[in-house]
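Colleague: I should be grateful for a close look at one part of this model, namely its surface. Please begin with the charges and then turn to the patches.

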Amino acid sequence: MKLGISSCLIGNLCRYDGAHSKDAFVYNILQKYFEIVPYCPEDMIFGSPRETIRLVRNGDDIKVTTSDGSKDVTKQLDDISVFCAQKIAKDDICGFILKSKSPTCGMERVKVYQEKNAPSIKEGVGLFAKRIKEFYPYLPVEEEGRLNDPWLKENFLMQVFAYKDLHEFLKNKPTKGELVEFHSSYKYLIYAKSQKFYKELGNIVANHEKKHLEEILDEYRENFLKAISEKSSIKKTFNVLLHIFGYFKKHILKEEKELLLLTMDEYKDGIVPLITIVKMFNIFINRYDIEYLKKQKFLNPYPQELALRSDLKAFK
């Protein structure tokens with residue numbers, strides 16, 4: 001799997017001052033699971049070290065200039081940002097982590113300086129970040145700073161793995177039956193994100209209007225990507241846990257049922273992490289050999305070693 005990264009985050013000396021912004025999670029953890037593809041539009045055209053640049057309001061427009069205001073580099077930076085954004089598809093990228101606060105890579109709240117001597121306002125978006133969202137509206141994209149939040153981190157990586165899974169599935173030109181199987185495996189993961197998209201995707205797969213398979217797959221792709229971009233929550237997740245619990249509640253002992261329901265309530269109250277419930281579920285799924293649940297991506301959306309569901313703050 002390939003993950004696009006702002007180059008400075010993996011320790012490359014490409015910042016304006018010739019330094020880096022190495023991020024521990026990106027460098028120490030994610031490199032174990034992804035092939036990292038670095039991008040730095042600024043370094044490609046200006047080199048490093050270089051003059052600092054900033055977003056500057058110019059009437060209704062926002063320009064990019066050197067910090068002293070002597071050079072307007074908007075077109076240069078936008079042209080290279082378009083080039084790099086187009087390269088993302090060729091590189092087969094399944095997600096992107098951007099450097100926060102950057103006039104090139106910042107996703108939000110980038111400083112925009114005013115024409116006159118007024119305070120800067122954190123209202124900007126970096127040119128490269130803007131082009132990525134324009135070219136790939138459903139590509140999983142986050143800033144490194146936001147990934148310090150366990151909830152955002154869990155949602156982002158779940159989205160990345162699902163995004164890659166879908167694209168590999170579609171590359172193999174699936175049959176209608178294979179689409180049904182793929183959709184079934186994502187039933188509870190989608191349900192935990194959006195009941196609306198869960199119903200819409202189910203209707204697409206059912207194909208009551210007898211559309212051609214190519215049309216169905218196109219519709220499914222767009223709605224699936226919209227669905228996985230939604231954020232889950234404790235309330236939605238707890239609802240899914242109740243559904244899964246229904247598969248074996250009549251088979252387990254009374255004491256086991258009481259313990260499991262108590263632990264699920266503790267998860268809802270923020271006392272135990274989600275991984276506790278998942279491990280308990282897997283005991284019963286394997287005991288009763290429930291094949292349908294064994295295939296559910298919700299229970300195993302990414303490598304367990306990432307331990308994203310072990311944090312009590314991983315869901316809100």
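How far apart are the mean positions of the positive and negative charges of the chain?

Modeller: This is a predicted model. The chain carries 51 positive and 45 negative charges, and their mean positions are 2 Å apart.

Let us turn to the surface itself. The accessible surface of the chain comes to about 16000 Å², and 50% of this area belongs to carbon and sulfur atoms. Of the 316 residues in the chain, 48% are buried.

One group of charges deserves attention. K101, R109, K111 and K122 gather on the surface in a patch of positive charge. Among them, K111 lies in strand β6, which covers residues 110-113. K111 has a relative accessible area of 41% and is therefore partly exposed, because this term covers values between the limits of 20% and 50%.

A second patch is nonpolar. M44, I45 and F83 form this patch on the surface, and together they have about 270 Å² of accessible area. Within the patch, F83 belongs to helix α3, which covers residues 74-90. The relative accessible area of F83 is 44%, so F83 is likewise partly exposed.

Finally, the setting of these patches may be described. The chain contains 13 helices and eight strands, and its C-alpha trace spans about 75 × 50 × 35 Å along its principal axes. Among contacts between residues at least 6 apart in sequence, 69% join residues at least 24 apart.

Methods. Residues numbered from 1 in each chain as written. Predicted model: local features only at pLDDT ≥ 70, side-chain atom pairs only at ≥ 80, totals over all residues. Heavy atoms only, no water. Helix = DSSP H or I, 4+ residues; strand = E, 2+ residues; numbered from the N terminus. Buried < 20%, exposed > 50% of the residue type's maximum accessible area, 1.4 Å probe, protein only. Contact = heavy atoms within 4.5 Å. Areas by Shrake-Rupley, 256 points an atom, 1.4 Å probe, with all protein chains shown as cover. Lys, Arg positive; Asp, Glu negative; His and termini not counted. Charge placed at Lys NZ, Arg CZ, Asp CG, Glu CD. Patch = residues over 30% accessible without salt bridge, like charges linked within 9 Å, V, L, I, M, F, W, Y side chains within 5 Å. Salt bridge = Lys/Arg side-chain N within 4 Å of Asp/Glu carboxyl O.
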